[in-house]
Amino acid sequence: MAWIVLVVSGLLETAWAIALDRSVGFRRPVPSVVFAVTLVLSMAGLAYALRDIPVGTGYAVWVGIGMVGTAVVGMVALNESASLPRIACLLLVIAGVVGLRIYH
(Lines give C-alpha, C1' and ligand atoms only; values in the text may rest on other atoms or scores of the structure.)
Protein backbone atom coordinates (compact mmCIF):
# COMPACT_ATOMS: atom_id res chain seq x y z
CA MET A 1 0.00 0.00 0.00
CA ALA A 2 2.86 2.40 0.80
CA TRP A 3 4.19 2.14 -2.77
CA ILE A 4 0.78 2.92 -4.26
CA VAL A 5 0.44 5.96 -2.01
CA LEU A 6 3.97 7.03 -2.95
CA VAL A 7 3.20 6.84 -6.68
CA VAL A 8 -0.04 8.82 -6.25
CA SER A 9 1.86 11.38 -4.17
CA GLY A 10 4.43 11.69 -6.96
CA LEU A 11 1.65 12.33 -9.45
CA LEU A 12 0.22 14.95 -7.11
CA GLU A 13 3.66 16.57 -7.11
CA THR A 14 3.27 16.96 -10.86
CA ALA A 15 -0.15 18.54 -10.30
CA TRP A 16 1.12 21.09 -7.79
CA ALA A 17 4.12 22.01 -9.92
CA ILE A 18 1.92 22.70 -12.95
CA ALA A 19 -0.62 24.57 -10.80
CA LEU A 20 2.19 26.67 -9.34
CA ASP A 21 3.27 27.65 -12.85
CA ARG A 22 -0.31 28.44 -13.85
CA SER A 23 -0.91 30.54 -10.73
CA VAL A 24 1.44 33.21 -12.16
CA GLY A 25 3.02 33.99 -8.80
CA PHE A 26 -0.21 33.29 -6.89
CA ARG A 27 -2.07 36.00 -8.81
CA ARG A 28 -4.67 33.57 -10.18
CA PRO A 29 -6.91 32.12 -7.46
CA VAL A 30 -8.01 28.77 -8.93
CA PRO A 31 -4.53 27.48 -9.79
CA SER A 32 -3.30 28.84 -6.45
CA VAL A 33 -5.91 26.80 -4.57
CA VAL A 34 -5.16 23.71 -6.68
CA PHE A 35 -1.48 24.20 -5.85
CA ALA A 36 -2.14 24.40 -2.10
CA VAL A 37 -4.46 21.39 -1.99
CA THR A 38 -2.30 19.13 -4.14
CA LEU A 39 0.84 20.19 -2.25
CA VAL A 40 -0.67 19.22 1.10
CA LEU A 41 -2.02 15.92 -0.26
CA SER A 42 1.30 15.10 -1.91
CA MET A 43 3.27 15.78 1.27
CA ALA A 44 0.79 13.84 3.39
CA GLY A 45 1.06 10.86 1.05
CA LEU A 46 4.85 11.04 1.14
CA ALA A 47 4.78 11.15 4.93
CA TYR A 48 2.47 8.12 5.01
CA ALA A 49 4.64 6.15 2.57
CA LEU A 50 7.80 6.91 4.53
CA ARG A 51 6.42 4.95 7.46
CA ASP A 52 7.22 1.76 5.48
CA ILE A 53 9.73 2.87 2.84
CA PRO A 54 13.23 4.15 3.72
CA VAL A 55 13.49 7.93 3.33
CA GLY A 56 16.27 7.84 0.72
CA THR A 57 14.32 5.50 -1.52
CA GLY A 58 10.92 7.07 -0.91
CA TYR A 59 12.01 10.64 -1.44
CA ALA A 60 14.01 9.81 -4.58
CA VAL A 61 11.06 7.92 -6.10
CA TRP A 62 8.62 10.71 -5.17
CA VAL A 63 10.81 13.40 -6.71
CA GLY A 64 11.52 11.25 -9.77
CA ILE A 65 7.84 10.66 -10.48
CA GLY A 66 7.05 14.33 -9.95
CA MET A 67 9.93 15.48 -12.12
CA VAL A 68 9.20 13.14 -15.01
CA GLY A 69 5.48 13.89 -14.83
CA THR A 70 6.06 17.63 -14.82
CA ALA A 71 8.51 17.44 -17.72
CA VAL A 72 6.12 15.27 -19.77
CA VAL A 73 3.20 17.66 -19.15
CA GLY A 74 5.48 20.52 -20.16
CA MET A 75 6.42 18.78 -23.40
CA VAL A 76 2.94 17.53 -24.28
CA ALA A 77 0.73 20.41 -23.18
CA LEU A 78 2.93 23.47 -22.70
CA ASN A 79 5.06 23.49 -25.85
CA GLU A 80 8.33 22.78 -24.08
CA SER A 81 11.10 21.12 -26.06
CA ALA A 82 10.67 17.39 -26.61
CA SER A 83 14.14 16.81 -27.97
CA LEU A 84 15.73 13.39 -28.05
CA PRO A 85 18.32 14.27 -25.36
CA ARG A 86 15.57 15.46 -22.98
CA ILE A 87 13.56 12.29 -23.55
CA ALA A 88 16.68 10.18 -23.03
CA CYS A 89 17.35 11.92 -19.72
CA LEU A 90 13.78 11.32 -18.59
CA LEU A 91 14.15 7.63 -19.46
CA LEU A 92 17.26 7.50 -17.29
CA VAL A 93 15.30 8.97 -14.37
CA ILE A 94 12.55 6.39 -14.93
CA ALA A 95 15.17 3.63 -14.96
CA GLY A 96 16.49 4.96 -11.65
CA VAL A 97 13.03 5.01 -10.08
CA VAL A 98 12.32 1.45 -11.26
CA GLY A 99 15.73 0.35 -10.00
CA LEU A 100 15.09 1.83 -6.57
CA ARG A 101 11.78 -0.03 -6.41
CA ILE A 102 13.31 -3.33 -7.51
CA TYR A 103 16.27 -3.14 -5.16
CA HIS A 104 14.33 -1.76 -2.18
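**Exercise 1.** In this predicted model, decide whether Leu-78 counts as buried, partly exposed or exposed, and place Leu-78 in the chain.

*Solution.* The relative accessibility of Leu-78 is 25%. Buried requires under 20% and exposed over 50%. Leu-78 therefore counts as partly exposed. Leu-78 belongs to the loop that links helix H3 (55-77) to helix H4 (84-102). Leaving aside residues up to four places away in sequence, Leu-78 touches Ile-18, Asp-21, Arg-22 and Val-73. From Leu-78 to Val-55 the C-alpha separation is 32 Å, across 23 residues of sequence.

**Exercise 2.** Test what span the 19 residues of H4 should have against its end C-alpha atoms.

*Solution.* At 1.5 Å a residue, H4 should span 27 Å. The expected span takes one less than the number of residues. The end C-alpha atoms of H4 are 27 Å apart, which agrees.

**Exercise 3.** Describe how H3 and H4 pack, starting from their angle and the distance between their axes.

*Solution.* The angle is about 155° and the axes lie 9 Å apart. Angles over 145 degrees count as roughly antiparallel, and H3 and H4 are therefore roughly antiparallel to each other. The crossing of H3 past H4 is left-handed. By class, their contact has 14 nonpolar, two polar and one charged residues.

**Exercise 4.** Which residues of H4 are buried, and what does their cover include?

*Solution.* Leu-90, Val-97 and Gly-99 are the buried residues of H4. H3 is included in what covers these residues. Among the H4 residues that meet H3 are Leu-90 and Val-97. On the H3 side, the contact residues include Val-61, Gly-64, Val-68 and Met-75.

Technical notes. Residues are numbered from 1 along each chain as its sequence is written. This is a predicted model: local features need pLDDT of at least 70, side-chain atom pairs count only at pLDDT 80 or more; totals for chains, interfaces and linings use all residues. Side-chain values use heavy atoms; hydrogens and water are left out. Helices (H or I, at least four residues) and strands (E, at least two) are DSSP runs, numbered from the N terminus. Buried means under 20% relative accessible area, exposed over 50%, partly exposed in between (1.4 Å probe, protein chains only). Contact means heavy atoms within 4.5 Å. Axes are lines fitted to C-alpha atoms, for helices over the stretch in contact, and angles run from 0 to 180 degrees between N-to-C directions. Angles under 35 degrees count as roughly parallel, over 145 as roughly antiparallel, 65 to 115 as roughly perpendicular and the rest as oblique. A crossing is left-handed if the near helix is turned anticlockwise from the far one by less than a right angle, and right-handed if clockwise. Ala, Val, Leu, Ile, Met, Phe, Trp, Tyr, Cys and Pro count as nonpolar, Asp, Glu, Lys and Arg as charged, and the others, Gly among them, as polar.
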